[in-house]
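Got your viewer open and a selection tool ready? Let's take a walk through this one together, stop by stop.

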Amino acid sequence: MTESIVGRYELGDFQLQSEVILKDAFLGFRSYGSLNESRDNVIVFPTWYTGLNDQVAPYIGPGKALDPEKYFIVIPDMFTNGSSSSPSNSAEPHKGLNFPLVTAFDNVQAQRQLLENHFGITSVEMMVGFSMSGQQAYHWAALHSDIVKRACSICGTAKTSPHNWAMLHAYKSAMETSLDWQQKSCDAWDPKVLTVFASIGATMAMSQDWYRHGLHLNDDVKGVSDVIENIKGLFQSWVPADIYAQTLTWMSADVSANLVFNDDLESALGAINIPFLMLPCETDLYFRVEDNEAELPFIPQGKIEIIKSKSGHMAGLPGFNPEDDAFIDSQLIEFLRSPC
C-alpha cells in the first residue's frame, strides 16, 4: 500500500463568496509522494459528494497516472465533508444548519491557499476531480490557470444542470421532512428519511443498464432492495447536516457565478486557456455526455473522451469498477504526456 500523510491546514477567518466570514476555517488533506526541489511536480485531486481523502487511493500507485514516485499528490477535503470545516465540527454561529453556503469557488480558493501557503507549491502539473470535484476542475482551469498547467473533469460539468439540480432538490427535501429537522440536524438520521435518501441514490448513481444487465447482483446482493441497504450504510455514518450543506454546494455549482464572469457561462468556458480533458460516462444520469459536448465548442483546448461503461455516474468513482479505473488511468497518463 502506498504511504500517505494526513494533515490539517488552518485557514483562519475565511471570507466566502457570500461575504460571510467562516471563523477558524480549516482544510483536511492527505498527500502522497514528495515535492521536488522546484515544488512543481504536483497533482491535485479534491474530494467529492460523500468523498473522503483516503478514497482516491485506487487511482494512486507506481506506474499509474497518479504515481507517488513521480508526483506529489494532494487530496484536499471539500468543505462540509466532516474532515474540513463543516456543520458538524464548527462552533457557533456556524454550527449545524447555521453553516453558511460554501461554493465550488470557495473550495478552490481555499485549496489554492493550502497549496501556496502551506506547501509553497509554485505550479500544478494537473488538477483532476470527479463529480463535485470535477466541477471544481472547471473553476481551477478558468480562474487559476496561472498556476495550473492542465485540468481534467471526470463525470462533471461547469454548471449543475436543471435535471441534476432537481435530483439534488429531492435529497434536500427528503432531509427537511425529518421530524424535528431543525433541532436534530447534527444527530442521527431519521430512519425513514435515510431510506428515501438511499432510494434516490440507488435510482440515480448507477444506470438503468447496470441494473438491466444484473451488474448489481453478487453473493451478498440479491436484488435492488439490497443495493438500497448498502447505500443506506454509506450515508449512515454521515452527519445529516454535513450532507445537507454538501447538497447545497452541489446545487450552487457554476463556474460563471462570480464577479469575474458575472454569470456568463460562455465567457467562463472561453477563459479556460489550458488543456482541459472531460471524461464523461455514456450512462451517467447526473452529468450527461451531452452537457460536456455543449461546453466543448467554448473551451479552446478542450477534449472529450467517453467512458464506455454501464456503471453510470459511479464509473468515475475510484475503485467502483476496475475496467473503468483502467480506462481513466490510461487517459490521464496520455493527458499528462500532452504538451501544455
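The stops below go from the sheet to the helices on it, then to the cores, a few single residues and the salt bridges.

Before you start clicking, keep in mind that this is a predicted model.

**Stop 1: the sheet**

Colour the strands. You should find an open sheet of eight strands, in the order E1-E2-E4-E3-E5-E6-E7-E8, with mixed pairing. Which strands sit at the edges? They are E1 and strand E8 (302–304), each of which pairs on one side only. Neighbouring strands here are turned by 20° against each other on average, if you ignore direction.

Now zoom in on the E1 side. Select residues 5–15 for strand E1 and 21–32 for strand E2: the two pair in the antiparallel sense, over nine bridges. Pick valine 6 and look for its bridge partner in E2, arginine 30. Glycine 7 stands opposite phenylalanine 29, again in E2. Then follow the chain round the hairpin of E1 and E2, where five residues lie between the strands, and stop at glutamate 19, which takes a positive phi near 75°.

**Stop 2: helices on the sheet**

Next, select residues 132–143, which make up helix H2. H2 packs on the sheet and touches strand E5 (126–130), strand E6 (151–154) and strand E7 (276–279). Its direction makes about 150° with that of E5.

Add helix H11 (residues 322–337) to the view. H11 lies across strand E3 (42–44), E5, E6, E7 and E8, and runs at about 170° to E7.

While H2 is on screen, click glycine 134, which lies in that helix. Is glycine 134 buried or exposed? With a relative accessible area of 0%, glycine 134 is buried. Leave out the neighbours within four places in sequence, and glycine 134 is in contact with Gly129, Ser153 and Ile154. Try a distance from there to tryptophan 48: the two C-alpha atoms are separated by 8.1 Å, although the residues are 86 apart along the chain.

**Stop 3: an enclosed helix**

Move on to helix H8, residues 240–252. H8 has 13 residues and reaches 19 Å from its first C-alpha to its last, close to the 18 Å expected at 1.5 Å a residue. Of those 13 residues, 11 are buried, so H8 is largely enclosed by the rest of the structure. Among the buried ones are Ile243, Tyr244, Trp250 and Met251. What covers them? Show helix H1 (104–118), H2, H3, H4, H5 and helix H7 (224–236), which are included in the cover over the buried residues of H8.

**Stop 4: the cores**

Time to look inside. Nonpolar side chains in soluble globular proteins tend to be buried together. In this model, the largest nonpolar core has 63 residues, and the ones touching the most other members are Leu66, Ile154, Tyr171, Phe197 and Phe235. Helix H5 (residues 191–204) supplies the largest share of this core, seven residues.

Centre on leucine 66 and show what surrounds it. Beyond residues up to four places away in sequence, leucine 66 touches nine-part company you can light up one by one: Ile43, Phe45, Val56, Tyr59, Ile60, Gly61, Ile73, Met126 and Leu332. There is also a second, separate core of 43 residues, which includes Phe14, Val108, Leu269 and Ile272.

**Stop 5: a loop serine**

Find serine 178 in the loop between helix H3 (162–176) and helix H4 (181–184). Serine 178 is buried, at a relative accessible area of 13%. Not counting residues up to four places away in sequence, serine 178 touches Asp190 and Val193.

**Stop 6: salt bridges**

The last stop is about charge: the structure holds 14 salt bridges. Start with aspartate 254 and lysine 159, whose closest N and O atoms are 3.8 Å apart. Aspartate 254 lies in the loop between H8 and helix H9 (265–270) and lysine 159 in the loop between E6 and H3, so the pair ties together parts that are 95 residues apart in sequence. Aspartate 254 counts as buried at 10% relative accessibility, while lysine 159, at 42%, counts as partly exposed.

Now select lysine 303. It forms a salt bridge with glutamate 305, with the closest N and O atoms 3.6 Å apart, and another with glutamate 334, at 3.7 Å. The glutamate 334 pair links helix H11 to strand E8, across 31 residues of chain. To finish, select Arg112, Glu116 and Asp146, which are joined into one network by salt bridges that share partners.

Terms used: Residues numbered from 1 in each chain as written. Predicted model: local features only at pLDDT ≥ 70, side-chain atom pairs only at ≥ 80, totals over all residues. Heavy atoms only, no water. Helix = DSSP H or I, 4+ residues; strand = E, 2+ residues; numbered from the N terminus. Buried < 20%, exposed > 50% of the residue type's maximum accessible area, 1.4 Å probe, protein only. Contact = heavy atoms within 4.5 Å. Core = buried A, V, L, I, M, F, W, Y, C linked by side-chain atoms within 4.5 Å. Expected span 1.5 Å × (residues − 1). Pairing = 2+ DSSP bridges. Axes fitted to C-alpha atoms, helices over the stretch in contact; angles between N-to-C directions. Salt bridge = Lys/Arg side-chain N within 4 Å of Asp/Glu carboxyl O.
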